[in-house]
Amino acid sequence: MMYKLLSIDAAAVTRNLMLQNTETNTVEKVFDDSDLINEGETFEFMEIGKTYDCKLALFGSMKQRHVGKWRKFNILKANVKIGVRLFLEVEAEQDIYYISQKNVPGYESMKSFMFEYSRLDLIQVNSLNSGNLYLDY
């Protein structure tokens with residue numbers, strides 16, 4: 001999905017980016033840990049006002065704990081490899097996200113599921129993967 005970078009908050013250890021989906025106009029606050037985790041390239045090259053092909057991962061659980069957004073997701077693809085990890089490509093209200101397969105037990109027999117997420121992580125920009133793919137979440 002193509003996203004326009006609206007703003008960067010680099011005051012914290014993790015950069016907070018505001019991205020706008022160019023198709024749905026959804027604005028998302030996403031975390032960019034690439035500077036902390038990657039040993040090589042980072043997402044620091046991104047510039048406000050420019051558009052990038054981004055993949056956003058949802059960090060959360062299938063258990064509702066009332067700590068994030070509880071939403072229904074439809075599975076579009078079950079085995080999307082980004083870096084060394086396998087993700088589910090999911091859709092909610094025409095927006096596409098990625099969830100680690102480990103966080104959705106039994107996904108093989110599901111078409112949709114409920115998921116509570118507390119944050120969105122930027123895991124790929126154009127063809128560059130973030131090092132946070134190696135974290136266990």
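Biologist: Is Glu47 buried, partly exposed or exposed, and what is its relative accessible area?

Modeller: This is a predicted model, in which local features need pLDDT of at least 70 and side-chain atom pairs count only at pLDDT 80 or more, while totals for chains, interfaces and linings use all residues. Residues are numbered from 1 along each chain as its sequence is written, and side-chain values use heavy atoms, with hydrogens and water left out. Buried means under 20% relative accessible area, exposed means over 50%, and partly exposed lies in between (1.4 Å probe, protein chains only). Glu47 is therefore partly exposed, its relative accessible area being 41%.

Biologist: Which residue forms a salt bridge with Glu47?

Modeller: A salt bridge requires a side-chain nitrogen of Lys or Arg within 4 Å of a carboxyl oxygen of Asp or Glu, and the closest N and O atoms of this pair are 3.3 Å apart. The partner counts as partly exposed because its relative accessibility is 41%, and the residue that bridges to Glu47 is Lys50.

Biologist: How many residues apart in sequence are Asp32 and Arg15?

Modeller: Asp32 forms a salt bridge with Arg15, with the closest N and O atoms 2.9 Å apart. The pair links distant parts of the chain, since Asp32 is in strand E3 (residues 27–32) and Arg15 in strand E2; strands (E, at least two residues) and helices (H or I, at least four) are DSSP runs numbered from the N terminus. Both Asp32 and Arg15 are buried, and their separation in sequence is 17 residues.

Biologist: Why does the salt bridge of Arg71 tie together separate parts of the chain, and how many residues lie between these parts in sequence?

Modeller: Arg71 forms a salt bridge with Glu93, the closest N and O atoms being 3.9 Å apart. Because Arg71 lies in strand E5 and Glu93 in the loop between E6 and E7, the pair ties together parts that are apart in sequence by 22 residues.

Biologist: Which residues are joined into one network by salt bridges that share partners?

Modeller: Arg71 counts as buried because its relative accessibility is 16%, whereas Glu93, at 66%, counts as exposed. The network is made by salt bridges with shared partners, and it joins Arg15, Asp32 and Glu44.

Biologist: Where is the nearest side chain of opposite charge to Glu116?

Modeller: Glu116 is found in strand E8 and is buried, yet it has no salt bridge. Lys and Arg count as positive and Asp and Glu as negative, with His and the chain ends not counted. A polar atom of the Glu116 side chain lies 3.4 Å from the backbone nitrogen of Gly68, whereas the nearest side chain of opposite charge is 5.8 Å away and belongs to Arg65.

Biologist: Which strand gives the most residues to the largest nonpolar core?

Modeller: A nonpolar core is a set of buried Ala, Val, Leu, Ile, Met, Phe, Trp, Tyr and Cys residues joined through side-chain atoms within 4.5 Å. The largest has 27 residues, and Leu19, Phe73 and Phe113 are among those with the most contacts inside it. Elements giving two or more residues to this core include E1 (2–9), E4 (51–61) and E5 (69–82), and the most, 6 residues, come from E8.

Biologist: Which residue in E2 is the bridge partner of Leu5?

Modeller: Two strands pair if DSSP finds at least two bridges between them, and 6 bridges join the antiparallel strands E1 and E2. In E2, the bridge partner of Leu5 is Leu19.

Note on methods
Polar contact = N/O pair within 3.5 Å; in protein donor to acceptor, adjacent residues only side chain to side chain.
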